[in-house]
Amino acid sequence: MSIFSFLFSKKGAKPVAERHNKGIGGGERVGGGNNELDFVVVGQGLAGTLLAFELEKRGKKVLVIDDGWKTAASMVAAGVLNPVTGMRITKTLGVDDLLPAAKRIYAELGEKFGETFFHEIPFYRFYSSEPELATKAKRAAMPEYAGWISDDVPARTLCGGALADALGGFFVNRAGWLDLPKLLATMRADFRSRGVLLEENFDCNDLKISRATTTWRQREIRGGIIFCTGFRIRENPWFGHLKWQPAKGEFVKIEAAGTENFQAQILKSRVVAIPLGGALWRVGTNYDRDNLDCVPTPETGERLVKAFCAIFSPNLARDKVRIVGHVAGVRPAVAGALPKVGAHENFPKLFLFNGFGSKGVTWIPLHAERFAEKICK
């Protein structure tokens, strides 16, 4: 099942005149070491990384352009693969296809680089209200939810009674988390070592486009330019007018003394707590639509820590928790929730692969594979 939203742009469709006729970085080896390129992928977050990987698997010459993750939401995303979400406790659209593909592709990358990127681990969700209990009971009675959610877990029975799950909870099965920073850094090093990464900000004025051709810095791009630039797509002259609804999120990495024995599952209460081994956790997140910057705020960090402490019963003492890392980023969410994938109506060699938001870890692998297959034809 595909959720492609092929785009039909009605404005912002004028070509940008090419201002620069410069070559690439003084003759450095970029894009396969010659003047032929099939695709340029702009942005090396998870979307751009996996799409470039799929294009190269199909024998295409690809150049990735990225400014060093200065605004990449992927670097601060939770990385959680959670197939059943929301207050309505619903399966992610297309998850029966998305989940196996994601695990297969993350395993393929792990084997390729001799690393473990994806960690399959139970996801324990606290009940927050009596109506939520009733909603879950309805879902559990539906045949399509068999195997996706567990029976109810009675209150204060998990982790030896150490959790503050006053109403109990349930497990979302087949869940896990992806080590996004590790995956992206590994892929970046690989792209760099092979000379297919240009580390700079992409300038749209370097493009000269028509319906028939796309030229970037005097190099014809045979397949086209694909924008995977996250929330910065709003600045794009061809796709910026679409209904983007970005939201800032923050995560803290904490060390919580005394929690070493509770790391067998991801914990979801007011916040998501991902176990990293020992007493380390990755805790988030918030949604801030007013302050779209990548600057961590101490107030938000403290709120996340306090919410983490409240997961345990009695509440974990604040002086037992130490913040060892704090990051912020902006998610490229869109109105209507579904990502935007497809070609510009006036310039068929300009593509968009963007807007995956908080479900990117689940959605991107299969859609990168399918989109690569489509545009390679």
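**Cysteines**

I began with Cys204, which is buried, with a relative accessible area of 16%. This is a predicted model, so I am reading computed values throughout. The cut-off for buried is under 20%, so Cys204 makes it at 16%. Next I looked up Cys309, and this residue is buried too, with a relative accessible area of 5%. How many disulfides does a search of the whole structure find? My note says 0.

**Aromatic pairs**

I then turned to the rings and got a count of 13 aromatic pairs. I opened Phe202 and Phe227 to see how they sit. Their ring centres are 5.7 Å apart and the planes meet at 80°, so I logged the pair as edge-to-face. Planes over 60 degrees apart earn that label. Where in the chain do Phe202 and Phe227 lie? Phe202 is in the loop between strand 10 (197-199) and strand 11 (207-209), while Phe227 belongs to strand 13 (residues 219-227). They are 25 residues apart, so I wrote this down as a link between distant parts of the chain. Buried or exposed, I asked of Phe202? Phe202 counts as buried at 11% relative accessibility, and Phe227 counts as buried at 2%.

My second pair was Phe262 with Phe312, which is tilted, with 5.6 Å from centre to centre and 40° between the planes. This pair also links distant parts of the chain, its members being 50 residues apart. I found Phe262 in the loop between strand 14 (247-256) and strand 15 (266-268). Phe312 is in the loop between helix 5 (298-309) and strand 18 (321-331). Both Phe262 and Phe312 are buried.

Back at Phe202, I checked for company. Phe202 and Phe227 form one aromatic cluster with Trp238 and Phe239.

**Charges over rings**

I looked for lysines above rings and noted two cases. Lys91 has its charged end over the ring of Tyr145, at 5.8 Å from the ring centre. Lys112 lies over the face of Phe113, with 5.4 Å to the ring centre.

**Helix 2**

Lys112 and Phe113 sent me to helix 2, which covers residues 95-113. I tried the length first. At 1.5 Å a residue, its 19 residues should span 27 Å, and the end C-alpha atoms are 27 Å apart, so the two agree. Which residues of helix 2 are buried? I listed Val95, Leu98, Leu99, Ala101, Ala102, Lys103, Ile105, Tyr106, Leu109 and Gly110. A reminder to myself: an α-helix has 3.6 residues a turn, so residues three or four places apart point the same way. What follows helix 2? I found Gly114 there, with a positive phi near 65°.

**Strands**

I finished with two pieces of sheet. One is an open sheet of 3 strands in the order 3-9-6, paired antiparallel. Strand 3 (80-81) and strand 6 (118-120) are its edges, each pairing on one side only. Strand 6 and strand 9 (residues 176-178) run antiparallel and are joined by 3 bridges. I picked out His119, whose bridge partner in strand 9 is Trp177.

The other piece is strand 19 (residues 340-343) with strand 20 (residues 350-354), an antiparallel pairing over 4 bridges. Here I noted Val341, which has Phe353 as its bridge partner in strand 20. How many residues does the hairpin use to join strand 19 to strand 20? I wrote down 6.

Notes
Residues are numbered from 1 along each chain as its sequence is written. This is a predicted model: local features need pLDDT of at least 70, side-chain atom pairs count only at pLDDT 80 or more; totals for chains, interfaces and linings use all residues. Side-chain values use heavy atoms; hydrogens and water are left out. Rings of Phe, Tyr and Trp (its six-membered ring) pair if their centres lie within 6.5 Å; planes under 30 degrees apart count as stacked, over 60 as edge-to-face and the rest as tilted. Buried means under 20% relative accessible area, exposed over 50%, partly exposed in between (1.4 Å probe, protein chains only). A charge sits over a ring if NZ of Lys or CZ of Arg is within 6 Å of the ring centre and within 35 degrees of the ring normal. The expected span of a helix is 1.5 Å times one less than its number of residues. A disulfide is a pair of cysteine sulfur atoms within 2.5 Å. Two strands pair if DSSP finds at least two bridges between them.
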